[in-house]
Amino acid sequence: MATTLRTRRESRQAAPGGRAKTKSSYPYWFYLPAAVVYTVLFVVPTLTSFYFSLTRWTLFDMEFIGLENFVEFFEEPALVTGLKNTLIYGVVTSGLKVVLGLLLAVLLTSQVIARGYLRSVVFFPVLVSTIGVGFTFTALMDPEVGLINESLALIGIDGPSWLTDPSIALLSVALVDVWKGVGLATVIYIAGIVSIPREYFEAAQVDGASAFKRFRHVILPLARPATTTVIILSLIGGLRSFDLIWAMTRGGPGFTSDVIASVIYKQYQAGFYGLSTAGNVVLFVLVTAIIIPLWRFLNRKGVDL
Amino acid sequence: MRGASRTWLGLLAILVSVVVFLVPFAFIVLTAVKGRQEASLLQFSWPDEFALVDNIQQVVAARDYMLLTAFVNSTVLTVVSVSLMVILAAMVGFVLQRRRSRWTKVVNLLVLSGLIIPPAVVPTIWVLQGLSLFDTLPGLILVEVAFGLSFSILLFQAFFATVPRELDEAAVIDGASPLRLFFQVVFPLLRPVTVTVIVVQSVHVFNDFVHPLYFTPGEENATVQLTLFNFQSQFASQMNLLFTDILLITIPPLIMFMFFNRQIVAGMTAGAVKG
């Protein structure tokens with residue numbers, strides 16, 4: 001590998017003329033169209049959000065008020081609940097996706113029957129409209145006539161009020177999120193497991209390792225890049241999650257299933273643009289403060305082979 | 001013995017998958033087929049009457065053919081924004097992978113930021129208003145492009161590593177300008193990854209709810225997801241129509257899934273192996 005790289009580099013240097021030096025075939029202006037769109041609609045809003053979050057901003061006027069929005073954010077119980085719920089939602093959904101995704105992937109890379117059907121059926125919800133999924137499960141989770149509680153009643157279990165009980169509403173939505181997203185975690189793990197060189201499995205077999213030992217000492221450590229991807233992707237998605245919660249509970253009952261993203265929307269709707277943007281800044285800080293150290297940690301502790 | 005246990009495990013998996021994954025979809029179809037009264041009971045049962053055609057007519061005609069407008073808007077939004085994403089991201093990925101310089105680090109950092117940082121909503125509206133693009137389809141298209149670029153660039157960049165440099169050099173020696181080199185020599189070779197980007201981003205943009213909610217609140221620019229959401233309050237007592245709408249909106253991704261299953265999975269699992 002190293003030698004091919006070196007020869008390639010040498011051949012480039014040997015390429016005719018100073019042409020490559022004076023005028024590259026890879027001009028920087030290729031960045032330009034993307035850079036314009038990205039700067040105007042992503043970088044500028046992100047940077048200005050720090051200023052706007054320090055203002056009292058309504059439809060009519062804007063006034064600099066320092067950190068008042070943030071003070072309000074951390075004093076208002078409903079908003080603090082949103083912050084706490086965001087963390088719970090992110091951790092629960094990504095945790096379940098890692099565990100279930102890995103188990104499903106192990107099953108679906110083994111010699112199980114109907115593998116193709118199972119892979120398709122687990123993955124398809126990933127592609128379906130989140131709003132549609134939300135409405136469907138709102139109907140299925142109806143405490144009186146919903147299919148879930150009716151089925152539970154058949155085996156003598158008194159099902160809970162999934163979406164109207166304040167203590168479990170958020171977790172019910174998180175479960176639906178896992179239902180919709182576990183297919184993605186599964187295919188990521190399948191790609192990771194399939195890329196493990198066969199020799200490791202063969203060596204494990206020669207050593208007489210049991211199925212569980214094969215899982216524990218071969219698949220688990222060697223599928224680590226997949227674990228990293230699943231954790232990071234589902235945390236990024238989970239922490240900023242909005243669609244499903246909005247479709248199923250709109251943050252209710254009360255504010256018990258509000259997350260930061262739904263607080264941002266509610267404040268925006270109410271015309272408190274400064275407070276809404278402060279919510280955005282809080283979310284920004286939360287996401288980067290979690291994702292970047294986690295990313296470093298997961299990538300640094302890679303296995304040495 | 002092992003064969004038998006394998007079969008049992010398979011049968012169990014199939015049974016669980018039917019209950020967990022197929023029943024909700026069956027529920028959508030059954031409710032969409034039912035008449036108004038029967039559907040409002042939310043039962044998982046075989047329909048007494050088959051009213052699907054009638055339901056479709058009613059949903060489509062509702063609110064002055066709003067759903068048709070929404071389908072047109074969503075199609076335009078998806079096609080235009082994904083096309084722009086593909087071209088812009090491929091150009092960035094090309095230079096990013098080929099030309100190492102002090103810019104490489106900056107661009108990489110920006111790309112990763114785009115993946116991680118949640119977009120700031122109100123400031124984006126403020127920018128769009130300044131450009132007179134708020135509540136317009138072109139505005140929403142550009143927003144989707146801006147937010148989708150990062151992921152597309154990553155996919156293209158990874159793929160360019162597999163396109164031999166010698167090819168560029170040969171084209172340059174033959175006198176190709178950078179534009180010709182890119183669009184006539186390199187771009188056609190990107191077909192596999194281009195298909196992946198198109199399919200993954202199309203599904204993503206078509207299913208997007210948050211950005212249309214914020215950036216095109218007006219009725220004339222509504223997308224299908226927004227329409228579905230607004231139908232909920234209107235069809236509160238007409239579950240058959242709500243689920244007919246869900247059914248109709250699920251068809252485009254279903255078609256994508258049937259034809260491009262492999263590319264979708266390839267795109268979404270990129271990064272799983274190398275981390």
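## Chain B: an all-helix pattern and a shared cavity

Read along its sequence, chain B follows the pattern α-α-α-α-α-α-α-α-α-α-α-α. That makes 12 helices and 0 strands. The model is predicted.

**The chain as a whole**

Along its principal axes, the C-alpha trace of chain B spans about 75 × 70 × 35 Å. The chain has 275 residues, and 53% of them count as buried. Now take the contacts in chain B between residues with a separation of 6 or more: 73% of them join residues 24 or more positions apart.

What does the surface consist of? The accessible surface of chain B comes to about 12,300 Å². Carbon and sulfur atoms account for 68% of that area.

Charge comes next. Chain B carries 15 positive and 15 negative side chains. The centres of these two sets lie 19 Å apart.

**Two residues of chain B**

Here are two residues side by side.

| Residue | Place in chain B | Relative accessibility |
|---|---|---|
| B:Gln201 | helix H9 (residues 191–207) | 4% |
| B:Ser237 | loop between helix H11 (224–234) and helix H12 (239–269) | 42% |

Why does B:Gln201 count as buried? Its relative accessible area is 4%, and buried means under 20%. Which residues does B:Gln201 touch, leaving aside its neighbours within four places in sequence? The contacts are B:Val82, B:Met85, B:Gly148, B:Phe151 and B:Ser152.

B:Ser237 sits in a loop, between helices H11 and H12. Is B:Ser237 buried or partly exposed? At 42% relative accessibility, B:Ser237 counts as partly exposed, because that class runs between 20% and 50%. B:Ser237 also gives a sense of distance. From B:Ser237 to B:Ile198 is 39 residues in sequence. In space, the two are 38 Å apart, C-alpha to C-alpha.

**The cavity**

Rolling a probe the size of a water molecule over the atoms shows where empty space is left. How many cavities of 30 Å³ or more does a search of the whole structure find? The search finds 1. The largest cavity has a volume of about 50 Å³.

Both chains help to line the largest cavity. From chain A come A:Thr46, A:Ser49, A:Phe50, A:Asn280, A:Val281 and A:Phe284. From chain B come B:Ile117, B:Pro118 and B:Ala120. Two helices of chain A, H3 (32–52) and H15 (273–300), each supply at least two residues of this lining.

How values were computed:
Residues are numbered from 1 along each chain as its sequence is written. Chains are lettered from A and ligands numbered from 1 in the order in which they are written. This is a predicted model: local features need pLDDT of at least 70, side-chain atom pairs count only at pLDDT 80 or more; totals for chains, interfaces and linings use all residues. Side-chain values use heavy atoms; hydrogens and water are left out. Buried means under 20% relative accessible area, exposed over 50%, partly exposed in between (1.4 Å probe, protein chains only). Contact means heavy atoms within 4.5 Å. Accessible areas come from the Shrake-Rupley method with a 1.4 Å probe; for residues, only the protein chains shown count as cover. Lys and Arg count as positive and Asp and Glu as negative; His and the chain ends are not counted. The place of a charge is taken as NZ of Lys, CZ of Arg, CG of Asp or CD of Glu. On a 1 Å grid over the protein atoms alone, a cavity is a set of points where a 1.4 Å probe fits but cannot get out, and a pocket is an open set with protein on both sides within 12 Å along at least five of seven lines; lining residues have an atom within 4 Å of a point. Grid points are joined across faces, edges and corners, and a volume is the space filled by probe spheres set on the points.
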